[in-house]
Structure formats: C-alpha cells, structure tokens
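This report asks how selected side chains and backbone positions are arranged in one protein. Please keep the sequence and the structure in view while reading.

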Amino acid sequence: MISTDRMSPAELAALLHFHAEAGVEWLLEQDPVDRFAEFAQARVARGNAGPQAVQKLQTSGPNDTPRPVANRDTPGSFGNRVTAPPAGAPQMAIPDEQAIAEARFAAEAARSLAELKSAMEAFSGCNLKNSARNMVFADGDPSSGIMVIGPMPNGDDDREGVPFSGKQGQMLDRMLAAIGLDRTAVLVTNVIPWRPPGNRVPSPRETDICRPFIERQILLAEPRHLLILGNFAGRFFFGGSDTIHHMRGEWRDISVGGPVGGLTIPALATLHPQDLASAPASKRLAWQDLLAFRARIRG
C-alpha cells in the first residue's frame with residue numbers, strides 16, 4: 001500500500017503517471033466499498049443457492065437471460081462501475097485458433113487500408129484490445145514504396161493513436177531525416193496494433209492473432225522496401241531468436257501473403273529508436289544501416 005498523505009504534488013503526479021503507464025484505468029471510487037463484507041455475503045449466497053440454482057438452470061428457457069445490475073455510481077465519475085458490458089463487447093473469451101481464423105478472414109476481406117482499419121477496429125478476438133486506449137494503425141503515405149515497421153505501440157502511441165509518437169517518434173523523425181526522408185512521405189506502422197499492458201512483450205498467441213493484419217497492411221501498401229526496427233519486429237519477420245545486433249545491416253527478402261498473390265520484399269533491420277536513446281553509442285551502427293537503406297532505395 002502506497003500512502004499519499006505526505007506526497008508532494010510532483011510526487012503524486014509521477015505516481016499517477018506510473019500507474020497510467022502500467023495500464024491502471026481506475027484509481028478511486030466515489031463511495032467506500034467494504035470488500036470483506038461483499039466477500040462474506042458472496043460465500044453465504046453460494047452456500048445457500050446450490051440446489052435452487054441447479055433447479056433454476058434446469059427449468060429456465062433459452063431466452064431467460066439475467067438482467068444486468070444497475071449502476072450505483074454517478075455516470076462519468078472516476079468510480080463509475082460498469083456491471084453490464086457495452087453493446088458489441090465480447091461476452092466470453094474466444095479460443096486462440098478461432099481468433100486467428102477470424103483475424104485472417106477479416107484481413108483478407110479488406111480491399112483497401114481504410115477497409116482494413118475498419119475491420120481491425122471491429123475485431124474483438126485479441127485481448128490486447130481490451131486494455132488499450134486506441135488502436136494504432138499505419139500512418140503516412142502508402143504510395144511511397146517505403147514502409148517502416150516497429151514492434152508495438154508504447155504509452156505515447158496509445159494516447160495519440162499514432163505510431164511512433166512522443167520522444168521515440170522524434171528520434172525516428174531524425175533517423176529518417178538523416179537520409180533525406182520525411183515520415184509523412186513514408187508509411188509507418190507496428191507489428192502489433194494495440195499496446196500491451198505495461199509495455200510487455202506480446203505473447204506468441206497474441207502475435208499469431210495480429211499477424212494477418214500486419215501482413216495485409218503490407219500487401220495492400222505494396223512497398224518496395226521495408227525498414228524493420230528492433231528485436232521483436234526483426235524476429236517476427238526473419239524468425240529465430242537473434243538480437244537486433246545480429247540481424248541488423250543485412251538485406252533479406254521476406255514473403256507475405258502465400259505463394260498465390262503474395263509479395264516478396266527486400267527488408268533491412270536496424271535498431272529501434274528506443275535502443276538509440278538508451279545506448280547512444282549504438283547510433284553509429286544505426287547510421288551505417290540507414291546509409292545502406294538509402295543506397296538501396298536510390299539505386
């Protein structure tokens with residue numbers, strides 16, 4: 001338990017920022033709640049409702065659905081507790097294999113990036129969407145022939161709904177400007193469209209569910225060159241478990257979309273902007289990669 005009684009305004013603001021970055025959405029409730037009393041009542045209710053509950057389930061019809069509990073808090077307050085899911089929200093977890101199939105179907109049905117964005121906004125099969133503020137879709141010029149792909153949104157991206165926002169975005173802008181590119185003149189995106197809670201690495205199943213969406217983005221944009229940023233994105237496209245220091249600086253062909261109607265595109269991996277911020281000595285390596293990328297796209 002963290003006591004806030006003796007914290008300064010600056011310390012309290014830093015604590016709130018930490019909780020927000022960790023994915024905490026609600027900190028306060030308008031009315032005090034006795035959780036111990038609630039727990040005790042729930043145990044008594046479970047003990048007394050055994051035979052009656054079974055009989056009710058056996059005699060209830062298919063259309064007998066429980067009513068949602070009325071909201072006791074003031075709407076719009078920080079303590080507003082949603083007891084009934086909003087319309088369109090998933091009622092139960094979708095099995096991973098079914099979610100992957102649904103993601104593949106939704107992605108393949110899209111005939112433009114705008115349709116793909118709408119399909120992804122309507123998709124409810126990835127649990128990462130439940131904790132993210134915004135879906136972060138591709139940004140920039142899809143006709144440029146150049147696509148820059150990072151790993152997943154961070155806190156700044158999640159708030160803005162735009163890939164590579166904040167300080168990491170400023171670093172990417174400088175990286176591109178160094179080789180004569182403007183981020184508005186290329187297409188920038190991420191492998192994962194929803195920020196994982198606490199900026200954790202997505203699980204393999206979450207990655208599999210999101211794979212059809214990023215591959216469809218590539219197919220629809222038809223880039224001539226890909227710039228891959230960081231460990232996660234590099235492993236996603238190249239496979240294996242090498243670090244970015246082993247994957248960087250070497251042109252490799254990646255294939256998306258299968259043998260029929262697919263694309264094979266040359267890709268170059270380099271360090272992520274965050275890598276340069278945390279280890280400035282790595283800027284020399286990234287500069288070498290960027291020069292190789294510029295030589296290829298101009299050739």
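The sections below treat the pocket, the salt bridges, the aromatic rings and two backbone positions in turn.

## The model and its largest pocket

The structure is a predicted model. Its largest pocket has a volume of about 490 Å³. The lining of this pocket consists of 22 residues, and those closest to its centre are P151, M152, Q168, H272 and Q274.

Four helices each give two or more residues to the lining: α7 (155–160), α8 (166–177), α10 (230–238) and α12 (273–278). The greatest contribution comes from α7, with 4 residues. Sorted by class, the lining residues comprise 7 nonpolar, 9 polar and 6 charged.

## Salt bridges

The model contains 11 salt bridges. One of them joins the side chains of R211 and E215, with a distance of 3.5 Å from N to O. Both residues belong to helix α9 (residues 204–221), and because they are 4 residues apart there, about one helical turn separates them. R211 has a relative accessible area of 29%, so this residue is partly exposed.

A second salt bridge, between D289 and R248, has an N to O distance of 2.8 Å. D289 is located in helix α13 (residues 283–298), whereas R248 is in the loop between α11 (244–247) and β5 (252–256); the pair therefore ties together parts that are 41 residues apart in sequence. Both partners are buried: D289 has a relative accessibility of 2%, and R248 has a relative accessible area of 17%. The limit for this class is a relative accessible area under 20%.

E250 and R252 form a further salt bridge, in which the closest N and O atoms are 3.9 Å apart. This pair is a contrast to the buried one, because E250 is partly exposed at 43% relative accessibility and R252 is partly exposed with a relative accessible area of 24%. Elsewhere, salt bridges link D96, E97, R205 and D208 in a network.

## Aromatic rings

How many aromatic pairs does a search of the whole structure find? The search finds 3. One of them is formed by F236 and F237, whose ring centres are 4.9 Å apart and whose planes meet at 85°, an edge-to-face arrangement. Both residues are buried, F236 at 8% relative accessibility and F237 with a relative accessible area of 14%.

W251 and F293 also form a pair. Their ring centres are 5.7 Å apart and their planes are at 10°, so this pair is stacked. W251 is in the loop between α11 and β5, while F293 is in helix α13; the pair therefore ties together parts that are 42 residues apart in sequence. The two residues fall into separate accessibility classes: W251 is partly exposed at 23% relative accessibility, and F293 is buried, with a relative accessible area of 1%.

## Charges over rings

Two of the rings already described also have a charged side chain over them. R211, the partner of E215 in a salt bridge, lies over the face of F236 at 4.0 Å from the ring centre. F236 in turn pairs with F237.

In the other case, the charged end of R296 sits over the ring of W251, 4.6 Å from its centre. The ring of W251 is also stacked with that of F293.

## Two backbone positions with positive phi

In proteins, most residues other than glycine have a negative phi. Which residue in the loop between α7 and α8 has a positive value? That residue is F164, whose phi is near 55°. F164 is buried, because its relative accessibility is 4%.

N199, which is not a glycine either, has a positive phi of about 60°. The position of N199 is in the loop between β3 (187–190) and α9. With a relative accessible area of 36%, N199 is partly exposed, whereas F164 is buried.

Key
Residues numbered from 1 in each chain as written. Predicted model: local features only at pLDDT ≥ 70, side-chain atom pairs only at ≥ 80, totals over all residues. Heavy atoms only, no water. 1 Å grid on protein atoms, 1.4 Å probe; cavity = no way out; pocket = protein on both sides within 12 Å on 5 of 7 lines; lining within 4 Å. Points joined across faces, edges and corners; volume = space filled by probe spheres on them. Nonpolar A, V, L, I, M, F, W, Y, C, P; charged D, E, K, R; others polar. Salt bridge = Lys/Arg side-chain N within 4 Å of Asp/Glu carboxyl O. Buried < 20%, exposed > 50% of the residue type's maximum accessible area, 1.4 Å probe, protein only. Phe/Tyr/Trp six-rings, centres within 6.5 Å; stacked < 30°, edge-to-face > 60°. Lys NZ or Arg CZ within 6 Å of the ring centre and 35° of its normal.
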